[in-house]
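Colleague: I should be grateful for a close look at a single part of this chain. Please set out how its residues are placed and what lies beside them.

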Protein chains: 4
Amino acid sequence: MALAMDVTALTRFLHDAFPQVAEDFAIEEVRENAIRVRLLTAERHLRPGGTVSGPSMFALADVSVYLAILAMIGPRALAVTTNCSIDFMRKPAAGADMICDCRILKLGRVLAVGECLLFSEGVEAPVARASMTYSIPPGR
Amino acid sequence: MALAMDVTALTRFLHDAFPQVAEDFAIEEVRENAIRVRLLTAERHLRPGGTVSGPSMFALADVSVYLAILAMIGPRALAVTTNCSIDFMRKPAAGADMICDCRILKLGRVLAVGECLLFSEGVEAPVARASMTYSIPPGR
Amino acid sequence: MALAMDVTALTRFLHDAFPQVAEDFAIEEVRENAIRVRLLTAERHLRPGGTVSGPSMFALADVSVYLAILAMIGPRALAVTTNCSIDFMRKPAAGADMICDCRILKLGRVLAVGECLLFSEGVEAPVARASMTYSIPPGR
Amino acid sequence: MALAMDVTALTRFLHDAFPQVAEDFAIEEVRENAIRVRLLTAERHLRPGGTVSGPSMFALADVSVYLAILAMIGPRALAVTTNCSIDFMRKPAAGADMICDCRILKLGRVLAVGECLLFSEGVEAPVARASMTYSIPPGR
């Protein structure tokens, strides 16, 4: 299956549709049903001690699944998260960027499911895992 | 069981320990194993269309469970979220503050579990539900 | 909103559509968007030590949300679980029936969300909490 | 890290400690932080239409994470599930055995986290995904 959007198209879409958060993320690689997104860690993402906050990790996983879906079906700003489950497993490395490896497990007519592993850059053991369900609006 | 911290003590703790986010929240009420926290919705919490973002709702649920635990056991900055499950059920009302009603279902020696319902102020149907597990460090 | 099915109608439906498991459960009470279901604990639901197994608790929560939905929308055997999150918080009382208090938080056109608290009969502190999402087939 | 228990030792343990369910499962392969377990699908695991039930899938994922943990740390019957999140994504193939590919993402002093993909034998697309947290009792 060909990609509907590549890294350039997804990046442009993110800046147009979500200018509030687009500067937080860099889309590094997109493949069929898979994406890698980087959180460009800045002061606003940190907790005391310099580690990336839970909400920032949630945001990274959420945008990754969203973009991985759009890469397959094209720009659909109205897809919405309906469920998320996250396990926070290790303390992030202080100040490091965070990398999210995401793959789409199901891309149905109305629901899509993706799962993510989140890593501090340069550290092998994952910091968190997340699974997300998106509801895809009609009109596809 | 008496509360270890009341609204005033929790608010002061939040500002001392998490100055980055303390301005986002107002603790409205605390009771045994329960708390109500308000997200003081501002531009930075919104998505296009003016609705509160998923990460902001995650942050509200997360801080609510954390503060409800501290209300029972006292200031323990090192308690950490280990798991979160959220269902996003309805679109938030544009621009409205969000209210989180949280209760603690388990407060064990090493794990605590809380659940939350999130509402847009003035709207009866819940926007989201969340359950959170916290790991409590030794030394209690 | 009037109930589409009462305890008698739901019990008959359960026996007709799911004869394999109908004997495991007793529907105790049904109200708008809420139900109470009892697991008639038997040897096959137990783990060593006499406590109800995780899969049996999952089954109880799952059937409760399903029946609570059907009580509102009528017999729709094809509604399917799409997501479940469970927290197991305490050890069940040995050999006791288990009671599930369930309420529907959202009953949408295609998705419904319910949450459950599970108790060992006669014990106040909940054994488990669960949230479930059901996908409702078209044709409603 | 060497395995503390291999397929033979895990199979024996399962039959000794959980005779009620041991006949349901075949441990196919165990590696460091990973296991493959088969549900030997029988009438008692099925729903109308011949598809494996949700509770049976929960049980398969649960036992897989449990056995993968024991493979690393040795026989510890008292490890207990504290949280489970499952996404049911596709209908299982009627009557087919179900295969669970599980890996351990974290094996800490008190908590372990595993994730699973469940497949109907002979079908490539996964039927379900699950993540499980286990609490490991002291004395390791």
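Modeller: What follows is an account of one strand and its partners, with a brief word on a helix of the chain. The model is a predicted one. Strand β5 of chain C spans residues 111–120 and is mostly covered, with 10 of its 10 residues buried. In a regular strand, side chains alternate between the two faces of the sheet. In β5(C), C:Leu111, C:Val113, C:Glu115, C:Leu117 and C:Phe119 point one way. C:Ala112, C:Gly114, C:Cys116, C:Leu118 and C:Ser120 point the other way, and the residues of both sets are all buried.

The strand has a partner in β4 of chain C (residues 98–107), to which nine bridges join β5(C) in an antiparallel arrangement. One of the pairings sets C:Asp101 against C:Leu117 of β5(C). Three residues separate β4(C) from β5(C), and the two strands form a hairpin. Another partner is β6 of chain C (residues 128–135), which runs antiparallel to β5(C) and is joined to it by eight bridges. Here C:Leu118 stands opposite C:Ala128 of β6(C).

Helix α1 of chain C (residues 7–17) may be set beside this strand. Its buried residues are C:Leu10, C:Phe13, C:Leu14 and C:Ala17. Seen down the axis of α1(C), these residues fall within an arc of 100°, so they line one face of the helix. On the other side of α1(C), C:Arg12 and C:Asp16 are exposed. The cover over the buried residues of α1(C) includes β1 (25–31), β2 (34–39) and α2 (54–73) of chain C.

Note on methods:
Residues numbered from 1 in each chain as written. Chains lettered and ligands numbered in written order. Predicted model: local features only at pLDDT ≥ 70, side-chain atom pairs only at ≥ 80, totals over all residues. Heavy atoms only, no water. Buried < 20%, exposed > 50% of the residue type's maximum accessible area, 1.4 Å probe, protein only. Helix = DSSP H or I, 4+ residues; strand = E, 2+ residues; numbered from the N terminus. Arc of directions from axis to C-beta. Contact = heavy atoms within 4.5 Å. Pairing = 2+ DSSP bridges.
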